[in-house]
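This report goes through a single protein model for a reader who has not met it before. The sequence and the structure come first, and the description follows.

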Amino acid sequence: MRRILPDSLFGRTMAVLLGGLIVSHLAGFLIYYGHREEATRAVGGYAIAQRIANLARLVDEAPPEWRQKIVAASNDPSLSVSISGSPLVLEGGNDSVALSVRDYLMAQPAASGLPEPRVATLVIDGRAGDPHADGGARSHHHVGFSRHTDEIQVSVPLKDGEWLSFSAQFPSGANTASRQLLLAMGIMTVVILGLSAWLVRSVVRPLDDLATAAQRFETDLNAPPMPVKGTHETRQAARAFNKMQSKRRELIENRTRILAAISHDLRTPLTTLRLRAETHPDDDDREKMLATIEEMNTMISATMQFARDEAQLGPRRRIDLAALLASVVADLSDSGLPVDMAPSAPVVYECNPSMIKRVLTNLIENGAKYGQAVRASIATHSSTIDILIDDDGPGIDPAELERVFQPFYRLEGSRARETGGIGLGLAIARSAVEAHGGSLTLRNRQDGGLTAQISLPVQNQP
């Protein structure tokens, strides 16, 4: 299922802000529109009421022979005036504008003692309004969002018993969604989003720095601490990360110092044992004791090497991985191992060359030791650089594929000193690869044999 929201915190925050901004703009527009429409109708009703009151007073006070002339002269497209013996409006409406106009007319001095004027409003497009006004047959085209009335009909009683009737159009306030308004709202949205993006980026940037520092610390134990800045929460996270980084570095350094001290303390009695073993009269026992002492020295040296590799990555420089692999293959082939390499284009990579060379040598020697032949290859993909080392050996039980990377773990068939080593080779190799941000895995081949795969992350080239 495709994600609706962006994946990043910055993207999701901006999406939420944009959604809230759209909702607030829409609500504000509707509120503004409603108030504007009501204000337009109120002002229009007041102006119409004033005009009707003035005309009613003028007609009521004019001689009878002048009334029709005044009425005819008062007619225009916005106001229709007529005199008849019965009111045009049979019932008064209860619309707020109708009530306001009626109250205004009743408050005029000339209206005292006369029947109550009748005021009704018509609804646009025949929606429910006054059923007696125009027989409900009027229909007006209206552009915009308003559903209010756009016409008012008033019947005012005269002193002689006749009725002066008016039909007036309200000033249209419906076309609220003008280009200017939409342009103003668009500009306001862009400005607010721009400021929000700048503020959100300033809040999110310390989290990006924290993620970058964590990735850097994964490959470099001596990476500098991250700066403590940003909000209270991000400053707390930065302090906690720096404290964790310092504690881990101190822990590994202490372990390395302890192992170095143990190694130094063990080598002195081992040297004494070697001297005594060399003077042993029995040749067979002497050789066995010397071999055991040598094995202990080898274990101590390998353990120290493993601890040093975890403690520091060492200096990095840009090299050609394909050329480095080719040189290792050539050296081991010259020493008599059955190994070759598939042709490859140059692959420039920044790494610790000695560590990578030691990993490649270890894996190829293991393949040649337990398999009949070894083939090495390197390929670059979109996100990784993969180095494959295939052998034709018997493979490994799937349950053992991860256990062989544990320190001092050896397979049952390789526990002899002549072939099995001490069980640190693969552990050291994986530690070195992971120090470069990569991974080292083993898998059995379908046609027999084992594949060791080194996957290193593709670096952004300057």
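## Strands, helices and charged pairs

Strand S4 is largely enclosed by the rest of the structure, because 6 of its 7 residues are buried. The model described here is a predicted one. S4 has strand S1, residues 79-84, as an antiparallel partner, and 6 bridges connect the two. Within this pairing, Ile 83 faces Leu 164 of S4.

### The protein as a whole

The protein has 462 residues, and 36% of them are buried. Its secondary structure consists of 10 helices and 11 strands. Of the contacts between residues at least 6 apart in sequence, 67% are made by residues at least 24 apart. The accessible surface amounts to about 26,400 Å², and carbon and sulfur atoms account for 58% of this area.

### Strand S9 and its partners

A second enclosed strand is S9, which covers residues 384-391. Because 6 of its 8 residues are buried, S9 too is largely enclosed by the rest of the structure. Which strands pair with S9? One is S8, residues 374-380, which runs antiparallel to S9 and is joined to it by 7 bridges. The link between S8 and S9 is a hairpin of 3 residues. In this pairing, Arg 375 is found opposite Asp 390 of S9. The other is S11, residues 450-457, which is also antiparallel to S9, with 8 bridges between them. Here Leu 388 is set opposite Gln 453 of S11.

### Salt bridges

The structure contains 14 salt bridges. Three of them are set out below with the N to O distance.

| Residue pair | N to O distance |
|---|---|
| Glu 162 and Arg 67 | 3.3 Å |
| Arg 375 and Asp 392 | 2.9 Å |
| Arg 445 and Asp 392 | 3.2 Å |

The salt bridge between Glu 162 and Arg 67 links distant parts of the chain, with the two positions 95 residues apart in sequence. Glu 162 is in the loop between strand S3 (149-157) and strand S4 (163-169), while Arg 67 belongs to helix H2, residues 64-74. Are these two residues buried or exposed? Arg 67 has a relative accessible area of 9%, so this residue is buried. Glu 162 counts as partly exposed because its relative accessibility is 30%.

Arg 375, already met in the S8 and S9 pairing, also forms a salt bridge with Asp 392. Arg 375 lies in strand S8 and Asp 392 in the loop between S9 and helix H9 (417-420), so this salt bridge ties together parts that are 17 residues apart in sequence. Arg 375 is partly exposed, at a relative accessible area of 28%. Asp 392 likewise counts as partly exposed, at 31% relative accessibility.

Asp 392 has a salt bridge with Arg 445 as well. This pair links distant parts of the chain, 53 residues apart: Arg 445 is in the loop between strand S10 (439-444) and S11, and Asp 392 is in the loop between S9 and H9. Elsewhere, Asp 60, Arg 67, Asp 160 and Glu 162 form one network through salt bridges that share partners.

### Helix H10 and an aromatic ring

Helix H10, residues 425-435, is mostly covered, with 9 of its 11 residues buried. Among the buried residues are Leu 426, Ile 428, Arg 430 and Val 433. The charged end of Arg 430 is placed over the ring of Phe 405, at 3.7 Å from the ring centre. How many aromatic pairs does the structure hold? The number is 0. Just after H10 comes Gly 437, which has a positive phi of about 80 degrees.

### A buried residue in helix H5

Asn 242 is part of helix H5, which spans residues 232-278. With a relative accessible area of 15%, Asn 242 is buried, since buried means under 20%. Leaving aside residues up to four places away in sequence, Asn 242 touches Pro 225, Met 226 and Val 228.

Key. Residues numbered from 1 in each chain as written. Predicted model: local features only at pLDDT ≥ 70, side-chain atom pairs only at ≥ 80, totals over all residues. Heavy atoms only, no water. Helix = DSSP H or I, 4+ residues; strand = E, 2+ residues; numbered from the N terminus. Buried < 20%, exposed > 50% of the residue type's maximum accessible area, 1.4 Å probe, protein only. Contact = heavy atoms within 4.5 Å. Areas by Shrake-Rupley, 256 points an atom, 1.4 Å probe, with all protein chains shown as cover. Pairing = 2+ DSSP bridges. Phe/Tyr/Trp six-rings, centres within 6.5 Å; stacked < 30°, edge-to-face > 60°. Lys NZ or Arg CZ within 6 Å of the ring centre and 35° of its normal. Salt bridge = Lys/Arg side-chain N within 4 Å of Asp/Glu carboxyl O.
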